[in-house]
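Let's work through a few short exercises together. Keep the picture in view and try each task before reading its solution.

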Amino acid sequence: MRHYNDDWINEWCQENGWTDVFMEPLNQYWAFPPGAVMPEPIPQKILRLIKAEKGLCAEERVWVSVAVAATAVGVTLSYFMQSPMPVVLAFAFGAIAVAKLDME
């Protein structure tokens, strides 16, 4: 899952003079710092500041919304069916969603 919007990273790079941004798998962003001849990874501290400022990206919002909807449906079905299984399934999906939202 991508935890950062490319526009956020590009915006930060333009403001700070970094050029030629590219992303490797697992949300590792690389760019050329000002005056450098080799690309360097954008520091994790900077990525976390960007994340704290901008919040959730679109993909993360979808996962959170679906997890909340699944929980609501599970609770409703459990009440009407008088069975705990829908809540158990909603809990399992919520656990998967939380694991996908984890950045490390």
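## Exercises on helix α3 and the core

What covers the buried residues of α3 includes α2 (44–54) and α4 (85–101). This is a predicted model, where local features need pLDDT of at least 70 and side-chain atom pairs count only at pLDDT 80 or more, while totals for chains, interfaces and linings use all residues. Residues are numbered from 1 along each chain as its sequence is written, and side-chain values use heavy atoms, leaving out hydrogens and water.

**Exercise 1.** Work out what helix α3 should span.

*Solution.* Helices are DSSP runs of H or I with at least four residues, numbered from the N terminus. The expected span is 1.5 Å times one less than the number of residues. For the 24 residues of α3 (residues 58–81) this gives 34 Å, and the end C-alpha atoms are 34 Å apart, so the two agree.

**Exercise 2.** Decide whether S78 is buried or exposed.

*Solution.* First, find S78 in helix α3. Next, recall the cut-offs: buried is under 20% relative accessible area, exposed over 50%, partly exposed in between (1.4 Å probe, protein chains only). S78 has 11% relative accessibility, so S78 counts as buried. The other buried residues of α3 are E60, A67 and G74.

**Exercise 3.** Find what S78 touches beyond its neighbours within four places in sequence.

*Solution.* Contact means heavy atoms within 4.5 Å. By that rule, S78 meets S83, P84, P86 and V87. Look closer at S83: its backbone oxygen is 3.0 Å from a polar atom of the S78 side chain. Finally, just after α3, spot Q82, with a positive phi of about 55°.

Methods
Helix = DSSP H or I, 4+ residues; strand = E, 2+ residues; numbered from the N terminus. Polar contact = N/O pair within 3.5 Å; in protein donor to acceptor, adjacent residues only side chain to side chain.
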